[in-house]
Amino acid sequence: MKKIEAIIKPFKLDEVREALSELGITGLTVTEVKGFGRQKGHTELYRGAEYVVDFLPKIKVEVVIPTAQVDAAIDAIVKAAHSGKIGDGKIFVLPVEQVVRIRTGELNEAAI
């Protein structure tokens with residue numbers, strides 16, 4: 001099993017969720033986060049004063065899936081989140097050792 005963490009632009013969330021849903025991936029966790037990469041924020045004007053916005057709003061989508069679905073899930077996220085502009089995001093893939101469904105006690109892939 002693998003955990004995919006995708007950092008995406010907020011307005012791409014619905015497209016990413018739909019793309020994952022089409023693959024049969026229904027359970028996911030979404031968190032509002034802030035950060036920056038190569039774009040290093042930007043400057044804004046507020047009441048005549050210029051200030052730097054270092055951390056930009058992003059969305060972190062987390063899913064735990066069987067290893068066999070990882071490549072398809074990554075492709076779906078990339079296609080749905082791609083805008084071609086700086087700040088499209090990143091995808092991280094991490095190993096998952098064990099999953100337990102608290103309600104039933106199911107383990108691993110049965111608990112996903």
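How many nonpolar, polar and charged residues does the lining of the second largest pocket have? By class, eight are nonpolar, five polar and two charged. Gly is counted as polar here. The model is predicted: local features need pLDDT of at least 70, side-chain atom pairs count only at pLDDT 80 or more, and totals for chains, interfaces and linings use all residues. Residues are numbered from 1 along each chain as its sequence is written, and side-chain values use heavy atoms, without hydrogens and water.

The second largest pocket has a volume of about 260 Å³. A pocket is an open set of points on a 1 Å grid where a 1.4 Å probe fits, with protein on both sides within 12 Å along at least five of seven lines; lining residues have an atom within 4 Å of a point. The lining comprises 15 residues. Gly27, Leu28, Val63, Val64 and Ile112 lie nearest the centre. Strand S5 gives the most, with four residues.

Helix H2 (a DSSP run of H or I, at least four residues; strands are E, at least two) covers residues 70-81. Its buried residues (under 20% relative accessible area, 1.4 Å probe, protein chains only) are Val70, Ala73, Ala76, Ile77, Ala80 and Ala81. They cover an arc of only 130° around the axis, by the directions to the C-beta atoms, so they lie on the same side of H2. Asp71 and Lys79, exposed (over 50%), are on the face turned away from that buried side.

Lysine 9 sits in the loop between S1 and H1. Lysine 9 is buried, at 13% relative accessible area.

Note on methods. The expected span of a helix is 1.5 Å times one less than its number of residues. Grid points are joined across faces, edges and corners, and a volume is the space filled by probe spheres set on the points.
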